[in-house]
Amino acid sequence: MRGYIHTFSLCIVIALLSLLFLFSKHDAESFLKQVRGPLEPSVAKNLNGVKSKQRPTATRSLGLGDVAHKVTSPGQRETLMQLAVVACGERHREAVNMLKTTAMLSSRDLRFHIFAEEQLHTNIKAALDSWPAYIRVKFSYVVHPISFPHENHEEWSQLFKPCASQRLFLPMILREVDSLLYVDTDVLFLQPVELIWDMLALFNSTQLVAMAPEHEEPRIAWYSRFSRHPYYGRTGINSGVMLMNLTRMRRTHFKNDMTSVGLHWDELLMPLLQKYKLNITWGDQDLINIIFHYNPEMVFTFPCHWNYRPDHCIYGSNCIPAEEEGVVILHGNRGVFHSDKQPAFKAVYDAFKLYTFGEDIVKSFLLPLEVALNGTTHTYCGKVSYFFTRGLGKYVKRIQRRTPPGG
């Protein structure tokens with residue numbers, strides 16, 4: 001009898017211990033589910049320090065639909081868009097016209113960082129301050145002096161075109177800025193700047209800059225035929241439109257062919273110039289290509305219609321995304337905004353320059369532009385100039401609907 005009672009008691013104790021084990025395991029699993037979520041390997045911090053799912057490096061053509069989705073995503077934080085331009089000499093007029101296109105088309109707040117020689121500051125400020133209040137409310141601006149490292153000031157300032165290499169030093173000068181869109185003065189926005197700004201949200205955990213290829217076809221591209229230094233990808237990259245996460249650029253150690261250890265951005269520039277200065281043709285753009293040749297995982301490459309240049313139409317159309325979605329950013333390099341070499345490019349520049357804020361934007365801007373472009377169809381770029389107005393026309397009509405009467 002005693003043996004039976006002892007066995008029965010032992011069974012009860014074992015059953016109770018089993019129940020306790022099951023309950024404790026359930027609680028532990030619940031607890032782990034709560035704390036493990038943010039630590040999953042597929043999660044990385046986005047540009048604002050907010051955790052979000054990491055995206056793989058883009059391998060397909062980025063369309064406007066991809067970015068439009070980002071613009072309209074519920075609950076997305078709209079940060080202040082920061083845009084930088086470097087304008088020396090007569091280039092300050094181009095810069096003002098470029099800024100005019102951003103202010104016309106954007107529906108979000110902008111901050112302009114304008115780097116210019118001291119004698120140009122008054123004229124630049126007067127031009128921006130002359131715009132009507134309903135335009136000026138969209139942006140704020142700072143006009144910065146030109147600034148290069150003291151010991152090599154002359155060498156940097158004359159590296160390519162006057163002041164052009166200033167863009168290399170933006171991560172160190174604008175230390176309070178997290179992300180920045182740099183554009184050359186000879187750029188015009190044909191669709192809102194927020195479309196390219198929202199590409200920042202598409203960067204994966206290693207990417208810190210976004211640029212377009214220098215060319216679409218390696219057989220006729222400059223870098224693949226003539227370069228005497230390393231360059232990014234198959235055809236190099238064009239730095240005339242450059243979206244940058246400055247925080248990442250300041251923190252990152254960049255691989256290079258000079259040392260076995262990575263160097264910070266500001267530590268890399270002068271040694272790179274000393275090594276390659278006899279072999280570079282396009283100044284700071286060549287240095288950028290050398291850097292990202294050794295660090296290709298850091299580049300988000302966007303398609304040609306985000307940096308559309310005469311090379312994309314001068315011998316026939318070779319930018320397929322522009323044919324499908326229109327040109328987003330028009331880059332009139334080689335002075336085509338001011339000569340008769342590419343009249344379609346000049347027509348767009350002149351249309352923005354001549355438009356006066358407050359006038360009917362369809363009658364005084366869009367329709368005259370379309371007429372002018374129709375007169376350029378004797379050129380290859382003129383034949384495809386409807387790419388320029390495909391997206392622009394849509395946004396111009398939208399602007400007209402929301403512009404207050406009399407302005």
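The legends below describe close-up views of a predicted model. Local features need pLDDT of at least 70 and side-chain atom pairs count only at pLDDT 80 or more, while totals for chains, interfaces and linings use all residues. Residues are numbered from 1 along each chain as its sequence is written, and side-chain values use heavy atoms, with hydrogens and water left out.

**View 1. A salt bridge within helix α3, between arginine 91 and glutamate 94.** A salt bridge is a side-chain nitrogen of Lys or Arg within 4 Å of a carboxyl oxygen of Asp or Glu; the count by this rule is 11. Here the N to O distance is 3.2 Å. Both residues belong to helix α3 (residues 91-105) and are three residues apart, about one turn of the helix. Helices (H or I, at least four residues) and strands (E, at least two) are DSSP runs, numbered from the N terminus. Arginine 91 has a relative accessible area of 28% and is partly exposed, whereas glutamate 94, at 6%, is buried. Buried means under 20% relative accessible area, exposed over 50%, and partly exposed in between (1.4 Å probe, protein chains only). Arg91 and Glu94 also belong to a network of salt bridges with Asp186.

**View 2. A salt bridge between a loop and helix α11, formed by aspartate 257 and lysine 275.** The closest N and O atoms of the two residues are 3.0 Å apart. Aspartate 257 lies in the loop between α10 (246-251) and α11 (265-276), and lysine 275 lies in α11, so the pair ties together parts that are 18 residues apart in sequence. Aspartate 257 is partly exposed at 26% relative accessibility, as is lysine 275 at 41%.

**View 3. A salt bridge within helix α14, between lysine 346 and aspartate 350.** The closest N and O atoms are 2.9 Å apart. The two residues are four apart in helix α14 (residues 343-354), about one turn of the helix. Aspartate 350 is partly exposed at 24%, and lysine 346 is partly exposed at 25%.

**View 4. Strand β4 and its partners β3 and β5.** In β4 (residues 110-116), six of the seven residues are buried. Strand β3 (residues 81-87) pairs with β4 in the parallel sense over seven bridges, and alanine 84 stands opposite histidine 113 in β4. Two strands pair if DSSP finds at least two bridges between them. Strand β5 (residues 139-144) pairs with β4, also in the parallel sense, over six bridges; leucine 110 has phenylalanine 139 in β5 as its bridge partner.
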